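Reader: I've got this chain open at the bench and I'd like to talk it through. Can you walk me around it?

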Amino acid sequence: MDIAEIDENQMPLLFNGNAKIIKNEYVKGQNNVFLLEVEFFHERKQQLSPKAGQFYLIQSENSGVQFGRPISVYHSEREGLKQKVQFMILLKGKGTEELSKSAVGTDVKLIGPLGNYWKIPENVDENKICICGGGIGVAPVANFASTLKNKSYDFYGSFKSGSYGLENVDARELIITTDDGSVGIHGMITAALTPEKIKEKGYSCIFACGPTPMLSYIKDIAEEAGVKCYLSLEKRMLCAVGACLGCTIKTKDGNKRVCKDGPIFDSSIIEFEKGTPRKQVQIVSEPDLSVTIKGVKFKNPVIAASGTFGFGQNYRGFFDVNKIGGISSKGLTLEPKAGNDGERIIEVSSGDINSIGLENPGVPHFIENELQEMMKLEPVTIANLAGHDLDSYVKGASLLNETSVPMIELNISCPNVKAGGMAWGINPEAAFECVSAVRKVTDKPLMVKLSPNAPDLVGVALACIKAGADALSLINTIQAIAIDIEKGKPFFNNVKAGLCGPAVKPIALRMVYDVCQAINKLPENERVPVVGLGGISKWQDAVEFIMVGASAVQVGTSTFSNPNTMIEVIDGLREFMKRKGYTKIDDFKGIALK
């Protein structure tokens, strides 16, 4: 059907489709702000063009993130059905990083325009307007300024360093503040705009967008000066059309949706949470990343997870293996094991399901061959021990006890034959029995790896500690299945297999939180360190695990897709600690626990 034949009332007013990138470049003088310009064609002339203050959901064409990012319009032009829109974007995470790397000529997915827009209220003197933009928040207010009469407003731009986004601003007075003093007034917005200044200038209304602390301050001084104030807020979004209720804020008029009721609000109804005062942070030149677990010192808290790094040799040549803190060996059983038949791995959203079946050469072979090579490397060697029954656990531990391996990681996620195949780590009683038996035959530091499939994981953790565990590591893979839809049967011969990768991280983090919280309630002399793992793919993930109580972390699946993951995590931790003024891991370990 020809578009002209479609009933206008049935046509959507929003654009929902692909837009062509016609410009994508970093803003001069900034290494984390870029200008993205796209072009697309409306189907009907009645379809909406963006107004100042509105935003689009935008996502790169072949994106690795699930949802589009809400980005305010910086500038737009329309000629007939052809629409051009510019976005000034701050590089913040994976979604914006993908956009920054999108090539001119490729497409982005676009939905919008969304939200409300800047309007001058009645009874406001249009020649006495004050506009404030902080950081990337300059973009939407600069767009608003460009729609006003030249020289009819004052514009305050507040930046960390330098300035940007002011090309279309023609203010009566342009005042710039920078944290580092590189441009304009040295300081934050507080150094330029005060209640006294508002009264002196006779402003009739203030319009602002920027970081929450800045907006909270502007709301306060506007109220003190007795002038109207409108603020554009930012909140994480999923649908951006008001359906999911994920971006609500508390106001005096009840919950409001930033995407649908905003993003622009009358400041008088907004109730900002009062955060803790900002501390003066002393930059640390070189923090100490080392951690000690039961007398074993790791140069840093990043350990290669069992089953993902072989015996330490596989990734040599990809990066300097000696830079990581430790290596947990491939899971070992007393006797050699061939592993599972059939398909062993399948990729799923944000991870994989695997059914390897603990293929390994056996503990004796490991001691005679692989252990010697592992011990030549600088990272701490950890022997991961599994078993099919209690006797095999005990004999394997006895053999390892006679070696120079610094630590044993006891995998109690393996089937307990006497319990009908249920894993040793599923209930506290079985876990206690297994750990107690192994504890009796080894004086090596014993770290017990917990199964996330236990109905009472905290109970299992406390039972392991009572049985003599020196440390705990969690989580192992989460039980899952996949179906071969062409054959109409389970993909894996064993039906159930283990889910791992970024998809499990939030679950793993919650479980580490729960276990660490329980451990902190024990007498101090009974507490043991926790090593967190499950879906860690970047340094921010590692920080999260440490903040909920982990002393160290293990990185696994991410190494398959990015062999440099562990090095990036170590480097990221170091820079984070410098920036936050942390001198050692313990400075922020467990700070998120309540």
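**A lysine, a barrel and a sheet**

Reader: Let's start small: which side chain does the side chain of Lys228 make a polar contact with?
Author: Keep in mind that this is a predicted model. Leaving aside neighbours within four places in sequence, Lys228 is in contact with Ser204, Cys205, Ile206 and Asp266. At 2.7 Å, the side-chain partner in the polar contact is Asp266.

Reader: Is Lys228 buried, exposed or partly exposed?
Author: Lys228 is found in strand 13, which covers residues 228–232. Its relative accessible area is 37%. Buried means under 20% and exposed means over 50%, so with 37% Lys228 counts as partly exposed.

Reader: How far apart in space are Lys228 and Ser268?
Author: In sequence, Lys228 and Ser268 are 40 residues apart. Going C-alpha to C-alpha, the distance in space is 8.1 Å.

Reader: On to the strands: in what order do the 8 strands of the barrel close?
Author: The pairing in this barrel is parallel. Neighbouring strands are turned by 25° against each other on average, direction ignored. Helix 6 (residues 390–401) packs on the sheet, touching strand 23 and strand 24. Going round, the order is 19-20-23-24-27-28-33-34.

Reader: Which residue in strand 28 stands opposite Val448?
Author: Strand 27 (residues 446–449) and strand 28 (residues 471–474) run parallel, joined by 3 bridges. Opposite Val448, in strand 28, stands Leu472.

Reader: There's an open sheet too, so to speak; which strands are its edge strands?
Author: This sheet has 7 strands in the order 4-3-7-1-2-6-5, and the pairing is antiparallel. An edge strand here pairs on one side only. That gives strand 4 (69–72) and strand 5 (75–79).

Reader: How many bridges join strand 2 to strand 6?
Author: Strand 2 takes in residues 33–41 and strand 6 takes in residues 82–90, and they run antiparallel. Phe34 stands opposite Ile89 in strand 6. The number of bridges joining strand 2 to strand 6 is 9.

Reader: Zooming out, what share of the residues of the protein chain counts as buried?
Author: The protein chain comes to 12 helices and 34 strands. Its C-alpha trace spans about 85 × 65 × 45 Å along the principal axes, and the chain exposes about 28,100 Å². Of its 594 residues, the share that counts as buried is 52%.

Methods
Residues are numbered from 1 along each chain as its sequence is written. This is a predicted model: local features need pLDDT of at least 70, side-chain atom pairs count only at pLDDT 80 or more; totals for chains, interfaces and linings use all residues. Side-chain values use heavy atoms; hydrogens and water are left out. Helices (H or I, at least four residues) and strands (E, at least two) are DSSP runs, numbered from the N terminus. Buried means under 20% relative accessible area, exposed over 50%, partly exposed in between (1.4 Å probe, protein chains only). Contact means heavy atoms within 4.5 Å. A polar contact is a pair of N or O atoms within 3.5 Å; within protein, one must be able to donate a hydrogen and the other to accept it, and residues adjacent in sequence count only if both atoms are side-chain atoms. Two strands pair if DSSP finds at least two bridges between them. Axes are lines fitted to C-alpha atoms, for helices over the stretch in contact, and angles run from 0 to 180 degrees between N-to-C directions. Accessible areas come from the Shrake-Rupley method with a 1.4 Å probe; for residues, only the protein chains shown count as cover.
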